[in-house]
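Me: Got a minute to go through this fold with me? I'd like to start in the sheet and work outwards.

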Amino acid sequence: MRYEGTVYRPPSEARSLIVQTTIGCSHNRCTFCTMYKDKKFRLRPIEEIKADFDEAREVYGGRVRRIFLADGDALVRKTPELLEILTYAKQCFPDVERISSYGSPADINRKTSAELSELREAGLELIYMGAESGDDIILKNVCKGVTSEEMIAAGEKLRECCIKNSTTLISGLGGTERLREHAVSSARLISAIKPEYVGFLTLMLDDRAPIMEEIKAKRMTLLTPPDVVEEMRLFLSHVDSEGTVFRSNHASNYIMLRGTLNGDIPAMLASLDEAKRQDRYRSEKSRLL
C-alpha cells in the first residue's frame, strides 16, 4: 500500500482498509485545522488506487470487512470515477460490509440526487460530514466555506439517497463569546438533518493553526471544562433527533458521553451535572492525540 503523508480517518474506521483516493483536502482553508497543510491537493490516478486494492487483496484476502476512502474529501471526485473505484473495491472484496468516506457539505451538494443514489447502489454506505457548528457567524469566522442552510441541504440529500450520515461538531469552536449560539444552532442543525450518527470533538489546537491568531489577540477565549459542560447541556437541551446515535467519547473530550437521542438525553445531562459537581474531567495530558 502506498500512503502519502499522514493519513487521517474517523475513530470508527480503526479496523478498516484505508485507501487514498485523493491526497489532502481540496478546501484546506478551515482555520482550526492543520491536518492537510503539508499536502498539495491532487486526485490520485485510478490505476494507482486499483493497484492498492490489488495489493490489499493479496495481503488481507477475505479479512477486509470495511473500507474507508481517504483523504479529506473523496467525494470531490467525479461520479464516474467514484463508481469505478467502488466497483473495483467490491470486485476485490465481495464480502465487504461497508464502504465510507469523508464528504464535505459542498461536495455533497455538488452531486445530484441521482449521482448520490448511484454511489449508494455501488456500495458507498456512509459519509462522514464535518459540520463543526450550526452557527453561521462561527462558520464564517473559521472559513468553513458553507452556511448552516447548505449543510442542512446536504444532510437532507444524503437521507433522501439512503446514504448514512455521521455528522461531526466541535465543542468550543466559538469560544466563550459564542458559546450559547454554537450550542443552540448546532442543536438546530442536527434536529433538521437527523443524521444516523453525531459526534462531538472538543477543540484542540496546533500552534500552526490560523485560529491561534484570534486566541493570541484575545478575540476568542477558549472554553474551560465547566464551559464545555454548559455548552453540551445547552446542545442536549435543545436537540430533537430521535434515534440518532450520539457520541462524545473522542480522545479530545473532557467528558465521555454516549447514548441515543432523544431517549438517553436525561442520563447524559445527569452525567454532565455529576462531572461538574465533582470537578471530574479528563486531564490535558490525557487529551493529547
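Reply: Sure. This is a predicted model. A good place to begin is Leu169, which stands opposite Phe200 in β8.

Me: Which way do β7 and β8 run, and how many bridges join them?
Reply: They run parallel, with 6 bridges joining β7 (residues 164-171) to β8 (residues 197-202). Another facing pair there is Thr167 with Val198 in β8.

Me: What connects those two, and what's the hand of the unit?
Reply: Helix α7 (residues 179-193) goes with β7 and β8 to make a β-α-β unit, and that unit is right-handed.

Me: And on the β6 side, how many bridges join β6 to β7?
Reply: 6 bridges, and β6 and β7 run parallel. Over there Glu132 stands opposite Leu169 in β7. Leu169 is also the residue facing Phe200 in β8.

Me: Is β7 mostly covered or mostly open?
Reply: Mostly covered: of its 8 residues, 6 are buried.

Me: OK, zoom out. What's the strand order of the whole sheet?
Reply: β1-β4-β5-β6-β7-β8-β9-β10, an open sheet of 8 strands with mixed pairing. The edges are β1 (17-20) and β10 (257-260), each of which pairs on one side only. On average, neighbouring strands are turned by 20 degrees against each other, ignoring direction.

Me: Which helix packs on the sheet at β6 and β7?
Reply: That's α6 (residues 148-160), which touches both β6 (124-132) and β7. Its direction makes about 165 degrees with that of β6.

Me: What about β8 and β9, how many bridges there?
Reply: 3 bridges join β8 to β9, and these strands run parallel. Gly199 stands opposite Arg247 in β9.

Me: Which helix lies across β9 and β10?
Reply: Helix α10 (residues 265-278) lies across β9 (245-248) and β10, and runs at about 165 degrees to β10.

Me: Switching topic to Lys144. Where does it lie?
Reply: Lys144 is in the loop between α5 (136-141) and α6.

Me: Buried or exposed, and why?
Reply: Buried, because its relative accessibility is 11% and the cut-off for buried is under 20%.

Me: What is Lys144 in contact with, leaving aside its neighbours within four places in sequence?
Reply: His27, Cys30, Gly130, Ala131, Glu132 and Leu139. Glu132 came up earlier as the residue opposite Leu169 in β7.

Me: Last one: how do α2 and α4 sit against each other?
Reply: The axes of α2 (residues 79-92) and α4 (residues 113-122) come within 9 Å and cross at roughly 10 degrees. Angles under 35 degrees count as roughly parallel, so α2 and α4 are roughly parallel to each other.

Me: Which residues meet there?
Reply: From α2, Thr79, Leu82, Leu83, Leu86 and Lys90; from α4, Glu115, Glu118, Leu119 and Ala122. By class, that contact has 5 nonpolar, 1 polar and 3 charged residues.

Technical notes: Residues are numbered from 1 along each chain as its sequence is written. This is a predicted model: local features need pLDDT of at least 70, side-chain atom pairs count only at pLDDT 80 or more; totals for chains, interfaces and linings use all residues. Side-chain values use heavy atoms; hydrogens and water are left out. Two strands pair if DSSP finds at least two bridges between them. Helices (H or I, at least four residues) and strands (E, at least two) are DSSP runs, numbered from the N terminus. Axes are lines fitted to C-alpha atoms, for helices over the stretch in contact, and angles run from 0 to 180 degrees between N-to-C directions. Contact means heavy atoms within 4.5 Å. Buried means under 20% relative accessible area, exposed over 50%, partly exposed in between (1.4 Å probe, protein chains only). A crossover is right-handed if, with the strands pointing away from the viewer, the path from the first strand over the helix to the second runs clockwise. Angles under 35 degrees count as roughly parallel, over 145 as roughly antiparallel, 65 to 115 as roughly perpendicular and the rest as oblique. Ala, Val, Leu, Ile, Met, Phe, Trp, Tyr, Cys and Pro count as nonpolar, Asp, Glu, Lys and Arg as charged, and the others, Gly among them, as polar.
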